[in-house]
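The following paragraphs offer a guided reading of a protein model, moving from a helix to the sheet beside it.

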Amino acid sequence: MDQPLQDRSIDHAPMPLPEHGGQPAPRPPIMKIARILDQENGGFQLEYDNTLGKKNTMRLDAVTYEHAVREAKSFLGIKPNDCDADGAQWDIE
């Protein structure tokens, strides 16, 4: 009697559990982008997306680009590790 062919493409080994006590592995951080734009009057403007994908803008009270970056990070709640309180990673351009 003929034996059925085995499908060797399927790995029948059990799937290993994630290392975090059987919990799913953490998701990668969300990436958000903020832009600092030059204004015609010599000031700076911050442009960023909210969590719904809508662009928001605000004027920054800064004389230099470096001060504008500091003010933007403070306003958005970005910590020294470039993440906010929700764990989203920010890139300021």
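**A helix and its sheet**

In this predicted model, E66, R70 and S74 are exposed on one side of helix α1, the side other than that of its buried residues. Those buried residues are A68, V69, A72 and L76. Because these four cover an arc of only 100 degrees around the axis, they lie on the same side of α1. The helix itself runs over residues 65-76. Its 12 residues reach 16 Å from the first C-alpha to the last, close to the 16 Å expected at 1.5 Å a residue. After α1 comes G77, which has a positive phi near 75 degrees.

What do the buried residues of α1 pack against? Their partners are β1, β2, β3 and β4. These 4 strands form an open sheet with mixed pairing, in the order β3-β2-β1-β4. At its edges stand β3 (55-60) and β4 (89-92), each of which pairs on one side only. Direction ignored, neighbouring strands of the sheet are turned by 25 degrees against each other on average. Helix α1 packs on this sheet, and its direction makes about 35 degrees with that of β2 (44-49).

The pairing can be followed further at one of the edges. Strands of a sheet pair through backbone hydrogen bonds, either parallel or antiparallel. Strand β1, formed by residues 31-38, pairs with β4 in the parallel sense over 4 bridges. Within β1 and β4, I33 stands opposite D91. Both of these strands are also touched by α1.

Note on methods
Residues numbered from 1 in each chain as written. Predicted model: local features only at pLDDT ≥ 70, side-chain atom pairs only at ≥ 80, totals over all residues. Heavy atoms only, no water. Pairing = 2+ DSSP bridges. Helix = DSSP H or I, 4+ residues; strand = E, 2+ residues; numbered from the N terminus. Axes fitted to C-alpha atoms, helices over the stretch in contact; angles between N-to-C directions. Contact = heavy atoms within 4.5 Å. Expected span 1.5 Å × (residues − 1). Buried < 20%, exposed > 50% of the residue type's maximum accessible area, 1.4 Å probe, protein only. Arc of directions from axis to C-beta.
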